[in-house]
Amino acid sequence: MFFSVIRTIMAGGSVDIVTVAAQVLAIIFVIICILPLHELAHGWIAYKLGDPTAKLERRLTLNPLASVDPIGTVWLFLFGFGWARPVPVDPRYFRKPKRDMAIVALAGPVSNLLAALVGALLLNVMVVIAGHNGVNSVLYFVYTLLSYYVMVNVTLAAFNLLPIPPLDGSRILGAFLSDRALETYYRYQNVFVMVLFVLMFSGAFSGPLYAIESAMSKGIFWIAALPFKLFGLSF
């Protein structure tokens with residue numbers, strides 16, 4: 001986020017302070033409420049699949065202090081995506097470790113998409129309210145905040161689904177790899193992370209990531225619009 005703002009200023013462009021303020025509040029809300037939800041989803045599903053590690057370490061909580069990762073938080077402010085402190089998971093407790101680990105990993109991005117869906121529903125409510133009462137500065141600010149909130153959650157889901165260790169997508173991909181291939185895969189984890197950072201900073205990965213985000217956003221807004229269309233509140 002701030003990275004794009006800085007680039008805009010350096011290029012001589014103008015920045016809308018109201019929009020930036022709405023984005024900052026949206027990110028703060030995501031850090032306080034959604035990142036802990038993401039990690040709770042991992043831990044809760046792991047617990048249901050037989051792994052008590054997160055529960056024993058008191059990580060089945062929505063307390064943001066238990067989940068905040070300083071570097072991941074900085075990245076969220078700079079780029080609009082980041083990470084929290086991972087919930088501990090021990091696959092030795094699982095009946096089918098690779099399969100169950102993939103299910104646990106998928107729970108995090110799914111929680112982000114559900115959070116985005118809630119935001120999209122609220123956005124549709126805002127549109128209905130604006131249609132009846134007109135747009136004012138307060139509605140515009142809340143609409144901007146909710147729009148960015150949805151975008152951040154979709155970005156977090158897409159980012160975490162990348163099949164690059166230690167992101168959730170690598171655990172999902174691991175369910176389809178042989179034990180030998182999986183061992184090799186994680187042996188080069190640090191190399192994958194370095195390549196990811198280079199691609200992100202260079203902007204080379206922005207195209208594919210945007211394509212994934214766009215597809216997810218369209219699906220979220222399509223689902224969110226359905227109940228309104230059922231009641232004849234299409235827009």
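Which residue's side chain does D179 meet in a salt bridge? In this predicted model, the partner is K98, and the closest approach is 3.4 Å, N to O. The legends below start with that pair and then visit other parts of the structure.

**Figure 1. A salt bridge between D179 and K98.** D179 belongs to helix α8 (residues 179–187), while K98 belongs to helix α5 (residues 97–133), so the pair ties together parts that are 81 residues apart in sequence. The two partners sit in unlike surroundings: D179 is exposed, at 58% relative accessibility, whereas K98 is partly exposed, at 26%. If you would like to look for others, a search of the whole structure finds four salt bridges.

**Figure 2. The salt bridge of R92 and D90.** Here the side chains approach to 2.8 Å, N to O. Are the two partners buried or exposed? R92 is exposed, with a relative accessible area of 74%. D90, on the other hand, has 15% relative accessibility and counts as buried, because buried means under 20%.

**Figure 3. The salt bridge of D100 and R99.** In this close-up, the closest N and O atoms of the pair are 2.7 Å apart. D100 is buried, with a relative accessibility of 1%. Its partner R99 is partly exposed, at 40%.

**Figure 4. Helices α2 and α4 where they cross.** The axis of α2 (residues 17–48) and that of α4 come within 10 Å, crossing at roughly 150°. This crossing is right-handed. To find the contact on screen, select V24, I27, I28, V30, I31 and L35 on the α2 side. On the α4 side, the residues they meet are T73, L76 and F77.

**Figure 5. R58 and its backbone angle.** Most residues other than glycine have a negative phi. R58 is not a glycine, yet its phi is positive, at about 55°. Where does R58 lie? R58 is in the loop between α3 (53–56) and α4 (70–79). With 72% relative accessibility, R58 counts as exposed.

**Figure 6. A cis peptide bond from P165 to P166.** Most peptide bonds are trans. The bond shown here is cis, and its omega is near 5°. You will find P166 in the loop that runs between α6 (137–160) and α7 (168–174).

**Figure 7. A nonpolar patch on the surface.** Which residues make this patch? They are Y188, V191, F192 and V195, and the patch covers about 340 Å². V191 is placed in helix α9 (residues 189–202). At 46% relative accessibility, V191 counts as partly exposed.

**Figure 8. Stepping back to the whole protein, with its 10 helices and zero strands.** Read along the sequence, the pattern is α-α-α-α-α-α-α-α-α-α. Of the 235 residues, 41% count as buried. The accessible surface comes to about 13000 Å², and carbon and sulfur atoms contribute 70% of that area. Among contacts in the protein with a separation of 6 or more, 72% are between residues 24 or more positions apart.

Note on methods:
Residues are numbered from 1 along each chain as its sequence is written. This is a predicted model: local features need pLDDT of at least 70, side-chain atom pairs count only at pLDDT 80 or more; totals for chains, interfaces and linings use all residues. Side-chain values use heavy atoms; hydrogens and water are left out. Helices (H or I, at least four residues) and strands (E, at least two) are DSSP runs, numbered from the N terminus. Buried means under 20% relative accessible area, exposed over 50%, partly exposed in between (1.4 Å probe, protein chains only). Contact means heavy atoms within 4.5 Å. Accessible areas come from the Shrake-Rupley method with a 1.4 Å probe; for residues, only the protein chains shown count as cover. Patches are made of residues with over 30% relative accessible area and no salt bridge: like charges are joined within 9 Å, nonpolar side chains (Val, Leu, Ile, Met, Phe, Trp, Tyr) within 5 Å. Axes are lines fitted to C-alpha atoms, for helices over the stretch in contact, and angles run from 0 to 180 degrees between N-to-C directions. A crossing is left-handed if the near helix is turned anticlockwise from the far one by less than a right angle, and right-handed if clockwise.
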